[in-house]
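Please open the model in the viewer and keep the selection panel at hand. The tour below proceeds from one selection to the next.

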Amino acid sequence: MFTSRRLLQIALAASALAGCASTPPRPGPAAVSGAAQPAAAADGEVTRIRIGPPPAQGALAGMNGESSDEPSAVLSPSGQLRPEVQAYARQLAADRALPVDALVGALSGARYSETVARLIAPPPGRKISRSWITYRSRVVEPRTIGWGVEFWQENQDALNRAAQRFGVPASVIVGIIGVETRYGRNMGSFRVLDALSTLAFDYPDPAKPERARMFRDQLSDFLTLVMQGKLDLQTRGSYAGAIGMPQFMPGSIMRYAIDGDGTGHIDLANSANDAILSVGNYLMQHGWQRGLPVFAPVTLPADPSKLVDGGLAPQRDWPRLRAAGAVARPVSATAADAAAWQQAPLGVIDLPEESAGTAEYRTATPNFFAITQYNHSYFYAASVADLAEAVRQRMNLVAGR
């Protein structure tokens with residue numbers, strides 16, 4: 001909660017900004033299409049959240065924006081909040097019982113980021129052929145595998161707790177954090193306020209209003225957490241507004257983040273315990289089933305392309321796949337484990353090499369599709385699973401198993 005003194009400070013900052021004589025002009029939105037989709041979110045709540053250490057001057061430091069040549073994301077040339085931003089702030093304050101002056105003060109420091117707008121847009125020019133081999137090679141590679149082993153060894157207790165509580169194997173959580181940020185080595189350097197304000201109010205493709213609405217919702221969640229004292233206004237993250245080792249969007253922080261080390265607040269940037277437990281909770285809440293593999297041990301028929309539906313949920317089952325010519329491979333698993341995946345809904349996924357006109361096909365269980373709720377790409381989910389397996393095998397070698 002804000003103290004009266006803190007609210008006054010924010011309101012004064014807003015008034016000072018509103019009285020500025022002029023503001024550099026904002027670049028116009030470019031005509032682009034498509035963008036990476038942040039993780040989905042659902043209902044839920046956390047207690048107290050702060051991402052990373054507070055800035056040296058406290059939570060209000062840099063309220064007027066950091067030293068930057070970038071123009072404001074929210075002010076008109078007259079120095080007033082743009083009408084649509086004013087309406088947004090009033091509506092958010094009413095919907096969530098937040099102080100409107102504090103919201104205006106927080107928003108007034110947002111800077112437009114041309115870099116964010118450029119990165120969210122697809123590359124111009126000719127279509128780039130998708131390559132599973134290239135994508136995988138950038139993720140499942142020796143250095144990342146080595147970092148994964150180190151991360152597992154350093155955080156074995158938290159990974160074991162997450163596995164017991166949520167049913168998600170340690171290897172899969174390690175795989176997610178490895179693909180997302182290389183175990184915290186690349187968490188992003190954009191102010192989340194700037195990134196989300198840029199995409200909420202000047203999304204670079206005006207033909208995709210649903211994308212702007214999605215980022216506006218994420219900005220609302222971010223500002224709510226700031227107003228509640230659970231996130232710092234200066235929090236940094238990715239160009240899409242994702243935060244910390246697991247790259248949670250603000251909505252996911254609000255709904256799925258967990259205090260894994262009992263400190264009383266959640267720190268996804270600096271606490272591996274919090275990051276690990278939060279990833280486990282997210283996957284469990286999105287359909288992870290304890291005891292199932294990510295991929296079923298199945299040899300598919302010679303041309304399985306007709307079995308692929310391209311969706312984000314399994315639409316087939318083992319009897320129908322077997323009738324289409326699929327064969328279960330023998331594995332060193334218990335009869336109960338084999339029965340579990342054979343009784344689960346299944347889906348056939350494709351991992352194309354478009355320039356060659358070929359694809360790799362796999363039989364996915366509900367746990368693969370749970371990973372796709374973190375990121376909708378088949379490439380992403382398959383690379384998480386492959387990195388998880390590579391790190392698990394290296395761990396076994398280290399342990400002499």
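Select T144, G148, F151 and W152 in helix α6 together with A170, S171, V174, I177 and G178 in helix α8; these two groups are in contact, where contact means heavy atoms within 4.5 Å. By class, the residues of this contact are 5 nonpolar, 4 polar and no charged. In this classification Ala, Val, Leu, Ile, Met, Phe, Trp, Tyr, Cys and Pro are nonpolar, Asp, Glu, Lys and Arg are charged, and the others, Gly among them, are polar. The model is a predicted one, in which local features need pLDDT of at least 70 and side-chain atom pairs count only at pLDDT 80 or more, while totals for chains, interfaces and linings use all residues. Residues are numbered from 1 along each chain as its sequence is written, and side-chain values use heavy atoms, with hydrogens and water left out.

Next, display α6 (residues 142-154) and α8 (residues 170-181) in full: their axes come within 10 Å and cross at roughly 125°. Axes here are lines fitted to C-alpha atoms, for helices over the stretch in contact, and angles run from 0 to 180 degrees between N-to-C directions. Helices (H or I, at least four residues) and strands (E, at least two) are DSSP runs, numbered from the N terminus. The two helices α6 and α8 are therefore oblique to each other; angles under 35 degrees count as roughly parallel, over 145 as roughly antiparallel, 65 to 115 as roughly perpendicular and the rest as oblique. The crossing of α6 with α8 is right-handed, that is, the near helix is turned clockwise from the far one by less than a right angle, anticlockwise being left-handed.

Keep α6 on screen and add helix α16 (residues 378-398), which packs against α6 at an angle of about 65°, with the axes 9 Å apart. This pair, α6 and α16, is therefore roughly perpendicular. On the α6 side the contact involves T144, I145, G146, G148, V149, W152 and Q153, and on the α16 side L387, A390, V391, R392, R394, M395 and V398. The contact of α6 with α16 comprises 8 nonpolar, 4 polar and 2 charged residues.

Now centre on T144 in α6. Is T144 buried or exposed? T144 is buried, at a relative accessible area of 0%; buried means under 20%, exposed over 50% and partly exposed in between, with a 1.4 Å probe and protein chains only. Leaving aside residues up to four places away in sequence, T144 touches V139, G178, R182, Y183 and L387. The side chains of T144 and E141 form a polar contact of 2.3 Å, meaning a pair of N or O atoms within 3.5 Å; within protein, one must be able to donate a hydrogen and the other to accept it, and residues adjacent in sequence count only if both atoms are side-chain atoms.

Move to α3, where 7 of the 9 residues are buried. In the loop between α3 (100-108) and α4 (114-120), select R111, which counts as buried at 16% relative accessibility. Add E70: R111 and E70 are 41 residues apart in sequence, yet 6.1 Å apart in space, C-alpha to C-alpha.

Then select D232, in the loop between α10 (209-227) and β2 (236-237). D232 is buried, with a relative accessible area of 5%, and its side chain reaches the backbone nitrogen of Q234 at 2.8 Å.

Finally, display the whole chain, with its 16 helices and 6 strands. Of its 401 residues, 52% count as buried.
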